[in-house]
Amino acid sequence: MFLQWRECSANSKGILTYDITFLCGLRACANTNAFYDGLAIHAQIVEEGFDGHSPVCDTLVDMYARCGLFIEALDVFSELKFRSNTSWTALIVGYVEHGVHEEALNSIMYPALYCLALKDFGHVMHLFIQV
């Protein structure tokens, strides 16, 4: 379906692409394990300049992880400017769904971005350390 839309938009001027188009297409690919279509959508995302858009990238991580394409999921994950709870959860859930429990635990125990809660006179401050 997405590929038919892509052909239509390529042949017609004035059809705009929105981030929600990509989000829905990627979710459909994740739910049906249609990773070839997901790869095509990813190429279109890059072509249209949505590759820096956080919700789109989080959904890319989710799609790749749920399809078991962990190298691709980690590639997108490593390029994220901000790794949100959504992106971390997408990666971890993908590992768990595919029985890669050790990697899921490592993702939880040794994240690339640690958030340490420090108590300072009753106030909680968050310190982010990039490793």
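## R66 and its surroundings

Leaving aside neighbours within four places in sequence, R66 is in contact (heavy atoms within 4.5 Å) with R27, A30, N31, N33, G94, E97 and H98. This picture comes from a predicted model, in which local features need pLDDT of at least 70 and side-chain atom pairs count only at pLDDT 80 or more, while totals for chains, interfaces and linings use all residues. Residues are numbered from 1 along each chain as its sequence is written, and side-chain values use heavy atoms, with hydrogens and water left out.

R66 belongs to helix α4, where helices (H or I, at least four residues) and strands (E, at least two) are DSSP runs numbered from the N terminus. With a relative accessible area of 19%, R66 is buried, a class that covers values under 20%, whereas exposed means over 50% and partly exposed lies in between (1.4 Å probe, protein chains only).

## A network of salt bridges

How many salt bridges does the structure hold? There are three, each defined as a side-chain nitrogen of Lys or Arg within 4 Å of a carboxyl oxygen of Asp or Glu. Together they link R27, D62, R66 and E97 in a network, which can be followed from one residue to the next.

At one end of this description, the side chains of R27 and D62 meet at 2.5 Å, N to O. Because R27 lies in helix α2 (residues 19-32) and D62 in helix α4 (residues 54-66), this pair ties together parts that are 35 residues apart in sequence. The two partners are not alike in their accessibility: R27, at 37% relative accessibility, counts as partly exposed, while D62, at 11%, counts as buried.

D62 also meets the side chain of R66, here at 3.6 Å, N to O. Both D62 and R66 lie in helix α4, where they are four residues apart, about one turn of the helix. R66 in turn forms a salt bridge with E97, with an N to O distance of 3.7 Å; this pair links distant parts of the chain, since R66 is in helix α4 and E97 is in helix α6 (residues 85-97), 31 residues apart. E97 is partly exposed, at 49% relative accessibility.

## The loop residue A34

A34 is found in the loop between α2 and α3 (35-48). When neighbours within four places in sequence are set aside, A34 is in contact with C29 and C67. The C-alpha atoms of A34 and Y64 are separated by 9.9 Å, although these residues stand 30 residues apart along the chain.

## The largest pocket

Which residues line the largest pocket? The lining is made by H42, D51, G52, S54, C57, L60, V76, E79, L80, K81 and F82. The elements that give two or more residues to this lining are α4 and α5 (70-79), and α4 gives the most, with three residues.

On a 1 Å grid over the protein atoms alone, a pocket is an open set of points where a 1.4 Å probe fits, with protein on both sides within 12 Å along at least five of seven lines, and lining residues have an atom within 4 Å of a point. The largest pocket has a volume of about 200 Å³, a volume being the space filled by probe spheres set on the points, which are joined across faces, edges and corners.

## The overall fold and its confidence

The protein has seven helices and two strands, and read along the sequence they follow the pattern α-α-α-α-α-α-α-β-β. Of the 131 residues in the protein, buried residues make up 35%. Among the contacts with a separation of 6 or more, residues 24 or more positions apart account for 46%.

The average pLDDT of the protein (the predictor's confidence in each residue, from 0 to 100) is 77, and 68% of the residues score at least 70. Among the elements, α4 has the highest mean pLDDT, at 94, and strand β1 (residues 113-120) the lowest, at 42. Over residues 112-131 pLDDT stays under 50, and for this stretch the model has 30 contacts beyond four places in sequence. Where pLDDT is low, the predicted coordinates should not be read in detail.
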